[in-house]
Amino acid sequence: MEVPRHWRLKKQRYALVGEVCPHCSSKIFPPRDVCPYCGGEAKTQFSFSGRGQVYSFTQMTSVPVGYEQSAPYTMALVQLEEGPVVTAQLTDLGEQHVEIGMPVEMVTRKIRTDMDDRGIIIYGYKFRPVLAGPR
Amino acid sequence: MMNDYATDPILLKPNHPVGIIGYGAYVPRYRLPATEVARLWKGGEGEGLPIKEKAVPGFDEDTITMSIEASRNALKRAGIDPKEIRAVWIGSESHPYAVKPSSTIVGEAIGCSPHFQAGDWEFACKAGTEAMVAAIGLVGSRMAKYALAIGMDTAQGRPGDALEYTAAAGGAAYIFSPADEAVAIINATFSYVTDTPDFWRRPEQHYPEHGQRFTGDPAYFKHITEAGKHMMQAMNTTPADYKYAVFHQPNTKFPQRVAGLLGFSKEQYKTGLLSPMIGNTYAGAAIIGLTAILDEAEPGDRILLVSFGSGAGSDAMDITVTDRILEHRDKALKTQDYIARRTEIDYATYTRLRGKLTMR
């Protein structure tokens with residue numbers, strides 16, 4: 001049971017809340033309070049737009065414990081519009097073919113459940129192909 | 001004795017006028033054709049199926065994730081700071097937890113936390129409009145400037161049961177505001193509720209039970225016609241005063257028949273009738289019909305909505321669209337955008353997605 005860890009990470013996981021560096025304006029994700037680009041203190045919250053593109057991807061057939069139910073699934077490195085690259089599952093692919101450079105958008109989804117049906121449900125970001133509509 | 005609804009002060013009207021400042025729909029991607037259910041359970045008999053196909057959630061979707069997306073769409077249209085939303089109320093019969101609110105997670109994800117009321121509502125398929133009426137009261141009393149009400153479900157039907165053809169996933173979210181900021185004004189609401197055991201699910205049970213034909217006349221038709229008829233009597237309106245009408249839609253036939261009983265034409269109900277394409281989204285069913293209407297309606301158009309929830313009751317709402325709809329509705333995905341996003345699945349995939357396979 002890892003309830004405290006999931007609770008601590010909820011803002012970044014539910015809504016891609018990271019930080020912006022007040023010194024060099026870099027956008028930081030995940031938040032770490034020290035800017036990885038200029039080394040200055042960076043504690044100002046920043047909500048990422050959730051838009052990005054697939055930087056690279058792979059299909060997972062042999063999956064970690066806790067993820068068996070949704071296998072096989074596609075993991076991707078997603079380059080966010082604001083710069084950082086995040087690792088996340090792709091979802092809602094249907095029959096859609098994944099390509100490097102494919103535009104994707106963040107959605108909040110179930111990641112897995114802790115302790116099967118008795119534990120907490122862990123929610124977090126995944127990315128899906130961009131749906132047609134206003135941006 | 002018959003009430004005289006034209007003179008009784010029976011309408012629910014807030015002290016200060018209230019409207020909808022933002023709305024959003026959500027429908028998951030996957031579709032199970034009714035012919036697939038018939039193939040498994042009726043030997044392929046395809047005659048008289050209640051809908052064409054129903055929306056099925058993915059592995060990683062539930063009432064919470066779908067509520068988050070619908071609420072984000074509502075926020076895009078409203079254009080307000082989520083911190084100003086002082087209530088997040090979710091009506092559903094498929095809350096992922098028996099104990100732990102869906103609304104705290106949704107509120108946190110969309111940025112409302114921590115100064116807001118959070119609660120989960122339950123009244124079968126009427127839970128969504130129940131939350132909406134409460135939100136109208138909260139804003140109308142000026143206790144809150146904005147309140148978010150959601151009706152969302154990932155409904156389950158027992159394999160082979162009549163409900164399995166239609167029990168679907170989807171719903172809508174509405175942010176209520178003072179009327180002068182609204183894209184649509186709530187003129188009044190009216191409720192009709194009795195103790196009618198037409199459909200229920202006991203604790204610990206996975207699938208609901210229903211009263212077969214008893215679910216029709218004494219439940220669905222009685223409550224919707226009473227609420228709709230008396231709403232119009234109290235508002236001194238006739239069906240001709242409304243450009244659109246939308247009713248709870250458990251299948252294709254019931255809402256069409258009840259529209260006829262109340263005097264509405266196909267022209268008036270066709271925009272909000274989504275059940276043939278997405279199935280019965282339970283607490284989301286009537287109100288996702290309303291998002292489809294708001295996506296198309298013009299300023300000045302009047303809408304009658306009547307929900308229905310088993311147990312049983314109906315909430316009627318009389319709504320007038322304002323000029324502001326034109327500048328707000330294109331700011332988020334529309335209901336038909338989600339309906340058009342469609343991947344057909346077979347019964348085997350459906351059983352896996354819905355967790356109907358037990359591995360141990």
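**Exercise 1. Into which domains is chain B divided, and how do they meet?**

Solution. Step 1: start with the bounds. The assignment splits chain B into domain 1 (18-183 + 333-350) and domain 2 (189-327); such bounds come from an automatic or database domain assignment. A word on what you are looking at: this is a predicted model, in which local features need pLDDT of at least 70, side-chain atom pairs count only at pLDDT 80 or more, and totals for chains, interfaces and linings use all residues. Residues are numbered from 1 along each chain as its sequence is written, and chains are lettered from A and ligands numbered from 1 in the order in which they are written.

Step 2: find the distance. The C-alpha centres of domain 1 of chain B and domain 2 of chain B are 15 Å apart.

Step 3: count the residues that meet. Domain 1 of chain B brings 44 residues to the contact and domain 2 of chain B brings 42, where two residues are in contact if their C-beta atoms, placed from the backbone, lie within 7 Å.

Step 4: see which elements take part. On the domain 1 side, β1 (18-26), β3, α4 (127-140), β6 (146-154), β7 (169-178) and α11 (335-340) of chain B each give at least two residues. Helices (H or I, at least four residues) and strands (E, at least two) are DSSP runs, numbered from the N terminus. The largest share of that side, six residues, belongs to α4(B).

Step 5: sort by class. The side of domain 1 of chain B that touches domain 2 of chain B holds 22 nonpolar, 13 polar and nine charged residues. Here Ala, Val, Leu, Ile, Met, Phe, Trp, Tyr, Cys and Pro count as nonpolar, Asp, Glu, Lys and Arg as charged, and the others, Gly among them, as polar.

**Exercise 2. Which residues touch the most other members of the largest nonpolar core?**

Solution. Step 1: name them. In this core of 131 residues, they are Ala135(B), Ala147(B), Leu148(B) and Phe176(B). A nonpolar core is a set of buried Ala, Val, Leu, Ile, Met, Phe, Trp, Tyr and Cys residues joined through C-beta atoms within 7 Å. A residue is buried if 20 or more other C-beta atoms lie within 10 Å of its own, exposed if 12 or fewer, and partly exposed in between, with C-beta atoms placed from the backbone.

Step 2: place the core. Domain 1 and domain 2 of chain B each contribute at least three residues to this core.

Step 3: zoom in on one member. Leaving aside residues up to four places away in sequence, Ala135(B) touches Ala87(B), Trp89(B), Ala147(B), Leu148(B), Ala149(B) and Phe176(B).

Step 4: look at a covered helix. In α9 (residues 285-294) of chain B, ten of its ten residues are buried, including Ile287(B), Gly289(B) and Thr291(B).

**Exercise 3. Which strands pair with β12(B)?**

Solution. Step 1: β11 (residues 244-247) of chain B runs parallel to β12(B), joined by four bridges; strands pair if DSSP finds at least two bridges between them. Ala245(B) has Leu304(B) as its bridge partner.

Step 2: β13 (residues 311-321) of chain B pairs with β12(B) in the antiparallel sense over five bridges, and Arg302(B) is matched with Thr320(B). A hairpin of four residues links β12(B) to β13(B).

Step 3: check the cover. Four of the five residues of β12 (residues 302-306) of chain B are buried.

**Exercise 4. How many residues of chain B are in contact with chain A?**

Solution. Step 1: 23 residues of chain B are in contact with 20 residues of chain A.

Step 2: α2 (63-78) and α3 (102-110) of chain B each supply at least two residues of the chain B side, and α2(B) gives the largest share, four residues.

Step 3: by class, this side has eight nonpolar, four polar and eleven charged residues.

**Exercise 5. What secondary structure does chain A have, and is Gly39(A) buried or exposed?**

Solution. Step 1: chain A has two helices and eight strands, in the order α-α-β-β-β-β-β-β-β-β.

Step 2: buried residues make up 24% of its 135 residues, and its C-alpha trace spans about 45 × 35 × 30 Å along the principal axes.

Step 3: Gly39(A) sits in the loop between β2 (27-28) and β3 (44-47) of chain A. Gly39(A) is exposed because 11 other C-beta atoms lie within 10 Å.
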